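Please look through the structure below before reading on. The paragraphs that follow go from one part of the fold to the next.

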Amino acid sequence: MAPRAKRYGVLIALAAFLFVAPAAAEGPVSLDPALKGALARLEPLKGAPVARAELDGKPVIVTFFASWCPPCRAEFEQLARLMLRRGVERQTVIAVDWYEDWGGFAGKPGRLQRFIAGAHPRIYFLSGTAPVIDAFEGVPRIPSLFVFDARGREIFRFLHRAGSDKTYVTAEELAAILEPLGEE
């Protein structure tokens, strides 16, 4: 394909991704034993896999991201602020890399590792798989963030919507969602 045609193809694909993303399904996601097991089996992008024990008895935040996504970078700053505010032991934060190679963004050596290196060290970074993405109702856009209580019930969901002024959740918003849960 000629370079000009390839550029136009990437732009068309990007426009389709940004403006024609499918709507999210209606029902809540449950962080049940099967989904916990699937998350624990995902390949870590740094360090060790997420331990099953980290998914039990406290809130779990699961976010889907790509290193090239500007709202994702802002979201990770907010997640770091949340962890400083609440303490790292009071919740587990899992970041699932998805859409990393989408739309011609692949081939930037080191970008993902630089992104991860700049994030809070207690965030688990995992490589997404189609079955996990399907379990989260397809993750139509990034960032997409799910918050589960200590029993695995979805209590909050944020999906970055096309054309929305709001592109990520703040630390204050997340703290307001998590604080009423107390210690279970």
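In this predicted model, strands β4 (residues 144-148) and β5 (residues 154-159) are paired through five bridges and run antiparallel. One facing pair across these two strands is Val-147 and Phe-156 of β5. The hairpin that β4 and β5 form has five residues between the strands, and Gly-152 has a positive phi near 90° there.

Strand β4 also has a partner in β1: the two are antiparallel and are joined by five bridges. Here Val-60 is opposite Phe-148 of β4.

How many of the residues of β4 are buried? Five of its five residues are, so the strand is mostly covered, buried being defined as under 20% relative accessible area. In a regular strand, side chains alternate between the two faces of the sheet. In β4, Ser-144, Phe-146 and Phe-148 point one way, while Leu-145 and Val-147 point the other way. Residues pointing in both directions are buried.

Two of these residues, Phe-146 and Phe-148, are in contact with Phe-136. Apart from neighbours within four places in sequence, Phe-136 also contacts Val-29, Leu-35, Leu-39, Val-62 and Phe-64. Phe-136 belongs to the largest nonpolar core, which has 53 residues. Phe-136, Leu-39, Ile-94 and Phe-125 are the residues with the most contacts inside that core. In soluble globular proteins, nonpolar side chains tend to be buried together.

Leu-39 leads to helix α2 (residues 33-41), where Leu-35, Lys-36, Gly-37, Ala-38, Leu-39 and Ala-40 are buried. The buried residues of α2 pack against three strands, β1 (60-65), β2 (92-97) and β3 (123-127), and against helix α5 (130-135).

Strand β2 contains Thr-92. Is Thr-92 buried or exposed? Thr-92 counts as buried because its relative accessible area is 1%. A polar atom of its side chain lies 2.5 Å from the backbone oxygen of Glu-54. Beyond its neighbours within four places in sequence, Thr-92 touches several residues, among them Val-50, Lys-58, Pro-59, Val-60 and Tyr-124.

These parts can now be placed in the whole chain. The chain has six helices and five strands, arranged along the sequence in the pattern α-α-β-α-β-α-β-α-β-β-α. Of its 184 residues, 47% are buried. Among contacts between residues at least 6 apart in sequence, 76% join residues at least 24 apart. The area that the chain exposes is about 9100 Å², with 59% of it supplied by carbon and sulfur atoms.

Definitions and conventions: Residues numbered from 1 in each chain as written. Predicted model: local features only at pLDDT ≥ 70, side-chain atom pairs only at ≥ 80, totals over all residues. Heavy atoms only, no water. Helix = DSSP H or I, 4+ residues; strand = E, 2+ residues; numbered from the N terminus. Buried < 20%, exposed > 50% of the residue type's maximum accessible area, 1.4 Å probe, protein only. Contact = heavy atoms within 4.5 Å. Areas by Shrake-Rupley, 256 points an atom, 1.4 Å probe, with all protein chains shown as cover. Core = buried A, V, L, I, M, F, W, Y, C linked by side-chain atoms within 4.5 Å. Polar contact = N/O pair within 3.5 Å; in protein donor to acceptor, adjacent residues only side chain to side chain. Pairing = 2+ DSSP bridges.
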